[in-house]
Amino acid sequence: MRQQVSRLTVLFVILIGALVAARIFLVPETFGELGHFRAAAIGDIADLQVKYAGRAACAECHTDVEETRLAGRHASVSCEACHGPAADHAEDPMARQPEKPVGRALCTLCHGYDPSRPTGFPQIDPAIHNPLQPCTACHQPHAPEPPVTPEGCSGCHGQIARTKAVSHHALLPCTTCHTVEEEHKLNPSASRPTKPAARSFCGRCHAPDATPPPDIIQQVPRVDLATHGGHYVCWQCHYPHFPELR
Amino acid sequence: MKGPESETMPDSRATGGGANQPVDRREFLSRSLPAGWVLLAAFTGCGGEPSAPAGGSEASAREAGSAPDSGSQAPASEVETSAARDPLAGYDPSQHKYAMAIDVDRCIGCGRCVEACKTENDVPREPFYFRTWIERYVIQRNGNTVVTSPNGGISGFPPVEEAEILRTFFVPKLCNHCDHPPCVQVCPVGATFKTEDGVVLVDHDYCIGCRYCIQACPYGARFLHPVTRTAEKCTFCYHRLVKGLVPACVEMCPTQARIFGELNARSSPLARFQRMHKIQTLKSHLNTEPKVLYANLDGEVS
């Protein structure tokens with residue numbers, strides 16, 4: 001055999017050997033089994049850890065809450081949307097207690113007013129809707145009620161109601177001093193409540209010879225309307241929802 | 001043919017030209033080639049860290065890193081193909097064809113899907129990495145369209161000037177799991193692929209981080225993981241699907257704006273959704289055949 005032929009043969013054998021070896025060593029084990037990819041990768045990805053157990057797992061133990069939730073307006077809200085991922089808790093209930101959201105931040109993520117939200121979705125302006133109150137003080141998160149026409153004044157005038165509640169006028173209902181028509185609840189600005197127009201109105205309790213309502217047991221401060229305050233109506237100087245002691 | 005010939009050229013020239021030590025050189029060539037190969041084989045066989053994505057030995061390094069992995073996870077008795085391994089036991093991908101539907105009119109932009117996705121899939125918390133995210137479209141009276149997605153919408157959206165608004169809405173986005181995925185087509189190493197059940201996945205052990213797929217995706221649904229330096233994207237929570245669960249974003253959506261299910265099933269929530277809504281897909285002119293279906297989508301969205 002001629003020298004160059006044998007050399008070339010050796011070289012080709014080496015090259016082909018290198019190619020075969022490269023294929024054996026460099027191509028991953030399961031590459032090409034299911035397509036132009038490593039089939040084992042599917043198993044690797046499928047093997048990842050689940051963090052959210054899903055509402056069905058929660059319902060296995062928390063049947064009462066699940067019943068309440070499904071009957072209410074949060075039926076489509078998953079438990080873990082508010083309580084956080086809880087696959088570990090579902091696996092071992094003693095391992096960790098899922099968190100209980102406090103305050104207003106979480107609720108307003110959905111229910112804070114945003115013009116981009118679909119029309120009709122229940123929204124509030126967190127700045128004026130009972131600020132500083134946690135939502136759960138009034139709303140049951142597992143079965144929230146839709147907004148209704150307020151039955152009491154505090155539904156809208158919460159700030160006044162809370163101020164009055166700690167004042168000397170705490171026991172007086174709003175209607176003692178304000179006459180409110182039913183229309184005001186439905187259409188607040190069309191029918192405005194009245195305010196006491198004369199000094200004699202306050203004098204019904206605070207005049208020297210007045211008889212306060214029988215359920216008022218505290219001592220009522222008395223003033224002589226003829227000499228006290230000149231021509232002003234009482235509430236122009238005193239704040240009746242939080243009257244000063246003296 | 002050109003290569004081997006030119007390799008031998010110096011050799012024959014040396015013989016004919018009567019240079020100093022022609023035999024040595026020939027010997028050197030004939031010995032060094034196999035020797036070099038033995039070295040290379042030895043290197044690929046036992047060397048190589050799993051996390052060494054550098055140079056030409058990359059594929060071999062990854063192969064070496066993944067091989068013991070598969071061996072250690074499966075019981076010693078059944079080191080068979082990946083399809084027979086534990087995580088996929090009892091799961092038949094040929095019985096499924098997944099898709100997601102999104103009702104734009106139901107999205108309230110609360111960002112619970114983004115939060116759930118980041119938690120479930122350990123997506124980096126920095127505001128640049130999202131497997132799913134929410135965009136707010138504000139179409140203004142002057143004709144401009146403003147699209148914002150502050151931190152993907154994970155912590156809500158800032159107030160907008162209402163006087164300017166003509167109409168406004170939220171659009172959740174994610175990988176469209178195209179039936180003709182451009183990202184799979186361009187991957188030079190076969191690290192991203194479409195499974196039999198229609199989900200587009202990334203093989204993190206095999207990805208070389210070249211970013212070609214990130215460029216190719218028309219939906220901006222991919223990113224490079226800052227730590228692993230490999231491509232990342234939505235997997236439809238494949239690890240949940242094989243266990244019979246729905247993706248985390250679907251599970252967490254409080255308004256059921258996201259519907260997940262079987263594309264070919266006659267009765268499934270998705271089939272019902274397809275019957276009851278006018279459906280649109282994103283950038284349908286690209287013929288990518290997305291499997292994320294939108295209902296009530298505005299023409300401004302792309």
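Analyst: pLDDT is the predictor's confidence in each residue, from 0 to 100. The model discussed here is predicted. In chain B, residues 44–85 have a pLDDT that stays under 50, and for this stretch the model has 52 contacts beyond four places in sequence.

User: Which other residues of chain B have a pLDDT that stays under 50, and how many contacts beyond four places in sequence does the model have for them?

Analyst: Those are residues 1–23 of chain B, with 11 such contacts. For chain B as a whole, the mean pLDDT is 80, and 72% of its residues reach 70 or more. The model scores ipTM 0.70 and pTM 0.68.

User: What makes B:Cys237 buried or exposed?

Analyst: A residue is called buried if 20 or more other C-beta atoms lie within 10 Å of its own. B:Cys237 has 28 of them within 10 Å, and it is therefore buried. B:Cys237 is placed in the loop between strand S8 (231–232) and helix H7 (238–241) of chain B.

User: Why is B:Asn151 called partly exposed?

Analyst: The class of partly exposed residues lies between the limit of 12 or fewer for exposed and that of 20 or more for buried. B:Asn151 has 16 other C-beta atoms within 10 Å, and therefore belongs to that class. B:Asn151 lies in the loop between strand S3 (145–148) and strand S4 (165–174) of chain B.

User: What is noted about the phi of B:Asn151, and what about that of B:Cys237?

Analyst: Most residues other than glycine have a negative phi. B:Asn151 is not a glycine, yet its phi is positive, about 50°. B:Cys237 is not a glycine either, and its phi is also positive, about 50°.

User: Why is helix H1 (residues 3–26) of chain A said to agree with its expected span?

Analyst: The expected span is 1.5 Å times one less than the number of residues. For the 24 residues of helix H1 of chain A this should give 34 Å, and the end C-alpha atoms are 34 Å apart, so the two values agree.

User: What makes H1(A) hardly covered?

Analyst: The count of buried residues among the 24 residues of H1(A) is zero. In chain A as a whole, buried residues make up 17% of the 246 residues. Chain A has 10 helices and zero strands.

User: What makes H4(B) mostly covered?

Analyst: Nine of the 10 residues of H4(B) are buried; among them are B:Cys113, B:Val114 and B:Ala116. The cover of these buried residues includes helix H5 (79–83) of chain A, together with S2, S4, H8 and strand S9 (258–262) of chain B. H4(B) is followed by B:Asp122, whose phi is positive, near 55°.

User: How do you know that strand S2 (residues 132–140) of chain B and S4(B) are paired, and how many bridges join them?

Analyst: Two strands pair if DSSP finds at least two bridges between them. Nine bridges join S2 of chain B to S4(B), and the two strands run antiparallel; nine bridges therefore satisfy the requirement of at least two. Within this pairing, B:Ile134 stands opposite B:Pro172 in S4(B), and B:Trp133 stands opposite B:Lys173 in S4(B).

User: In what order do the three strands of this open sheet of chain B lie, and why are S3 and S4 of chain B said to stand at the edges?

Analyst: The order is S3-S2-S4, with antiparallel pairing. S3 and S4 of chain B each have a single partner strand, so one side of each is left without a neighbour in the sheet. On average, neighbouring strands of the sheet are turned by 20° against each other, direction ignored. H4(B) packs on the sheet, where it touches S2 and S4 of chain B, and its direction makes about 155° with that of S2(B). S4(B) is itself mostly covered, with seven of its 10 residues buried.

User: How many residues does the contact take from chain B and from chain A, and what classes make up the side of chain B?

Analyst: The contact takes 60 residues from chain B and 45 residues from chain A. The elements of chain B that each supply at least two residues to its side include helix H2 (22–46), helix H4 (112–121) and S4. By class, that side of chain B has 27 nonpolar, 19 polar and 14 charged residues.

Key: Residues numbered from 1 in each chain as written. Chains lettered and ligands numbered in written order. Predicted model: local features only at pLDDT ≥ 70, side-chain atom pairs only at ≥ 80, totals over all residues. Helix = DSSP H or I, 4+ residues; strand = E, 2+ residues; numbered from the N terminus. Contact = placed C-beta atoms within 7 Å. Nonpolar A, V, L, I, M, F, W, Y, C, P; charged D, E, K, R; others polar. Axes fitted to C-alpha atoms, helices over the stretch in contact; angles between N-to-C directions.
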